[in-house]
Amino acid sequence: IKIDRLQTKGKRLTVRLTNFTGEDKEIVDVSAIWPAGNGDLKKLWLTQDGTSWVIWSGSDDPTEAMLDGTDPGWNGATLLTGEGILRFDFASKVANSGYTITVNFTDGTFLDISK
């Protein structure tokens with residue numbers, strides 16, 4: 001799985017991912033640390049092939065979250081083969097840097113994302 005690009009715009013942080021494994025990868029959890037100025041994390045999305053899934057929604061206080069099946073806002077998602085976009089929506093305008101994100105998959109593989 002390749003991380004192609006991390007972008008910040010408005011109240012969003014987006015990460016472009018490409019799954020080259022030939023297998024769909026179910027997301028088991030996402031941990032994130034972000035700048036306090038972003039405010040609460042409100043929603044986490046995965047978009048692929050023109051379809052968007054809400055992985056998690058709620059309100060997680062700044063500046064850290066561990067999102068998984070124990071959280072009532074967790075819906076989960078699967079990264080299909082090909083390109084996808086992981087999107088984090090915050091309460092306030094996002095900073096350009098200061099992010100540490102880990103995405104864990106059921107097969108034990110993971111992505112570490114930082115900017």
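Biologist: Is Asp 107 buried, partly exposed or exposed in this model?

Modeller: The model is predicted, so local features need pLDDT of at least 70, side-chain atom pairs count only at pLDDT 80 or more, and totals for chains, interfaces and linings use all residues. Residues are numbered from 1 along each chain as its sequence is written, and side-chain values use heavy atoms, with hydrogens and water left out. Buried means under 20% relative accessible area, exposed over 50%, and partly exposed in between, with a 1.4 Å probe and protein chains only. Because its relative accessibility is 43%, Asp 107 counts as partly exposed.

Biologist: With which residue does Asp 107 form a salt bridge?

Modeller: A salt bridge is a side-chain nitrogen of Lys or Arg within 4 Å of a carboxyl oxygen of Asp or Glu. For Asp 107, the closest N and O atoms of the pair are 2.3 Å apart, and the partner is Lys 25.

Biologist: How many residues apart are Asp 107 and Lys 25?

Modeller: Strands (E, at least two residues) are DSSP runs, numbered from the N terminus. Asp 107 lies in the loop between strand E9 (100-105) and strand E10 (110-114), whereas Lys 25 is in strand E3. The pair thus links distant parts of the chain, 82 residues apart.

Biologist: Is Lys 25 buried or exposed?

Modeller: The relative accessibility of Lys 25 is 6%. Because of this value, Lys 25 counts as buried.

Biologist: Which residues are joined into one network by salt bridges that share partners?

Modeller: Asp 89 forms a salt bridge with Arg 12, with the closest N and O atoms 3.5 Å apart. The side chains of Asp 89 and Arg 87 also meet in a salt bridge, at 2.9 Å from N to O. Through such shared partners, the network comprises Arg 12, Arg 87 and Asp 89.

Biologist: What relative accessible area does Arg 12 have?

Modeller: Within the network, Asp 89 counts as buried at 12% relative accessibility, and Arg 87 counts as buried at 18%. Arg 12 is partly exposed, with a relative accessible area of 41%.

Biologist: Over how many bridges do strand E1 and strand E2 pair?

Modeller: Two strands pair if DSSP finds at least two bridges between them. Strand E1 (residues 2-9) and strand E2 (residues 12-19) pair in the antiparallel sense, and Ile 3 stands opposite Leu 17 in E2. The number of bridges is seven.

Biologist: Is Asn 38 buried or exposed?

Modeller: Asn 38 lies in the loop between strand E3 (25-33) and strand E4 (41-48). Because its relative accessible area is 0%, Asn 38 is buried.

Definitions and conventions
Helix = DSSP H or I, 4+ residues; strand = E, 2+ residues; numbered from the N terminus.
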